[in-house]
Amino acid sequence: MPCHDFRAPRLFVDAPLAQDARVPLDRDQSNYLGNVLRLAAGAEVLAFNGRDGEWQAAIEGRKRPDSLVILQPVRPQDRLPDLTYVFAPLKHARLDYMVQKAIEMGAATLQPVLTRFTQASRVNTERMRANVVEAAEQCGILSIATVAEPVPLERYLGQRPADRLLIFCDEAAEVQSPIQSLQGASEARQGIDVLIGPEGGFAEEERALLLRQPKILRLALGPRIMRADTAAVAALALVQAVLGDWGGRSG
């Protein structure tokens, strides 16, 4: 595991990174560095863009931070496992929490799906993307996960590649060891989709449609009922530990 510097501020910048490059800061970044962190010209931060690895950078600007000068590379770019988290959106703070934890768990794509019992009728994908960036900045993550636009469950199932493993976390499934179930899963080299439904559960026709999908693993998350945001953490931790990159495997 690479050595992380958790003391230096980290900043995501949407610009190419190379030695001696200068990267302008937007208003929010300037305010964060200058007014929140009280950093002035010459102070060093870590910068990353999701493509070129992590770089040491120095703040420039006379009255307030207005740009970064890129100094030297710190960590090479990595890649996230081919893991998509598929979920029925929640409301406000709980959705923020779920997005942040999915990023910390290593999800590469976030795919909201709309079901009959989905609680939130509107999904703020820009807010989700901001939470993705914030989680990456705070947790030493170099790659930025993709946030997909919400689609109805039926459309998602119709357009997803049939060779990907679909892990359906079903509260109606027979309770058995989730680790053993995952260890017995079919080949996952083409990627994994982990699906958590709404807190009201799936409608029977939705569950029937899911169970007709090719390459599906119906997974129980234990004997207790979890809130959807808790189930997200539990499911992604199990999948990453058994099929993902926690044991040195990638996607």
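This is a guided tour of the structure above, arranged as a series of selections to make in the viewer.

**The whole chain**

Begin with everything displayed as a cartoon, keeping in mind that this is a predicted model. The protein contains seven helices and 12 strands, and its C-alpha trace spans about 65 × 35 × 30 Å along the principal axes. If you colour by accessibility, 48% of the 251 residues count as buried. Among contacts with a separation of 6 or more, 74% are between residues 24 or more positions apart.

**Two loop residues with positive phi**

Select D20 next, in the loop that runs between strand 1 (10-12) and strand 2 (22-24). Although D20 is not a glycine, its phi is positive, at about 75°. The residue counts as exposed because its relative accessibility is 54%, and the cut-off for that class is over 50%.

Then move to R38, which sits in the loop between helix 1 (27-36) and strand 3 (44-48). Here too the residue is other than glycine and phi is positive, near 60°. With a relative accessibility of 67%, R38 counts as exposed.

**The approach to helix 2**

Select K91, in the loop between strand 6 (83-87) and helix 2. K91 counts as partly exposed, at 48% relative accessibility. Once its neighbours within four places in sequence are set aside, K91 is in contact with Q119 and A120. If you draw a distance from the C-alpha atom of K91 to that of D170, which lies 79 residues away along the chain, you should read 21 Å.

**Helix 2 against helix 3**

Now show helix 2 (residues 92-104) together with helix 3 (residues 125-139), whose axes are 9 Å apart and meet at an angle of about 45°. The two helices are therefore oblique to each other, and their crossing is right-handed. To see the contact itself, display the side chains of L95, D96, V99, Q100, I103 and E104 in helix 2, which meet R127, M128, N131, V132, A135, A136 and C139 in helix 3.

Within this set, pick out D96, a residue of helix 2. Is D96 buried or exposed? At 14% relative accessibility D96 counts as buried, since the cut-off for that class is under 20%. Not counting residues up to four places away in sequence, D96 touches R127 and N131, both of which belong to the helix 3 side of the contact just displayed.

**Helix 2 against helix 7**

Keep helix 2 on screen, hide helix 3 and bring in helix 7 (residues 228-242), which packs against helix 2 at an angle of about 5° with the axes 9 Å apart. Helix 2 and helix 7 are therefore roughly parallel to each other. The residues to display are R94, Y97, M98, K101 and A102 of helix 2, and A228, D229, A232, V233 and L236 of helix 7, which together make the contact.

**A203 and helix 6**

Leave helix 2 and select A203, in the loop between strand 11 and helix 6. A203 is buried, with a relative accessible area of 4%. Leaving aside neighbours within four places in sequence, the contacts of A203 are with R116 and F117. A line from the C-alpha atom of A203 to that of V233, 30 residues apart along the chain, covers 23 Å.

From A203 continue into helix 6 (residues 204-211), and colour its buried residues, which are E206, R207 and L210. They cover an arc of only 100° around the axis, so they lie on the same side of helix 6. What do the buried residues of helix 6 pack against? Their partners are helix 4 (153-159), strand 10 (165-169), strand 11 (192-196) and strand 12 (216-219), which can be added to the display to complete this view.

**The cysteines**

For the last stop, select C139 and C169. C139, which takes part in the contact between helix 3 and helix 2, counts as partly exposed at 31% relative accessibility. C169, by contrast, counts as buried, with a relative accessibility of 7%. A disulfide is a covalent bond between the sulfur atoms of two cysteines. How many disulfides does a search of the whole structure find? The search finds zero.

Terms used. Residues numbered from 1 in each chain as written. Predicted model: local features only at pLDDT ≥ 70, side-chain atom pairs only at ≥ 80, totals over all residues. Heavy atoms only, no water. Buried < 20%, exposed > 50% of the residue type's maximum accessible area, 1.4 Å probe, protein only. Helix = DSSP H or I, 4+ residues; strand = E, 2+ residues; numbered from the N terminus. Arc of directions from axis to C-beta. Contact = heavy atoms within 4.5 Å. Disulfide = S-S within 2.5 Å. Axes fitted to C-alpha atoms, helices over the stretch in contact; angles between N-to-C directions. Parallel < 35°, antiparallel > 145°, perpendicular 65-115°, else oblique. Left-handed = near helix turned anticlockwise from the far one by under 90°.
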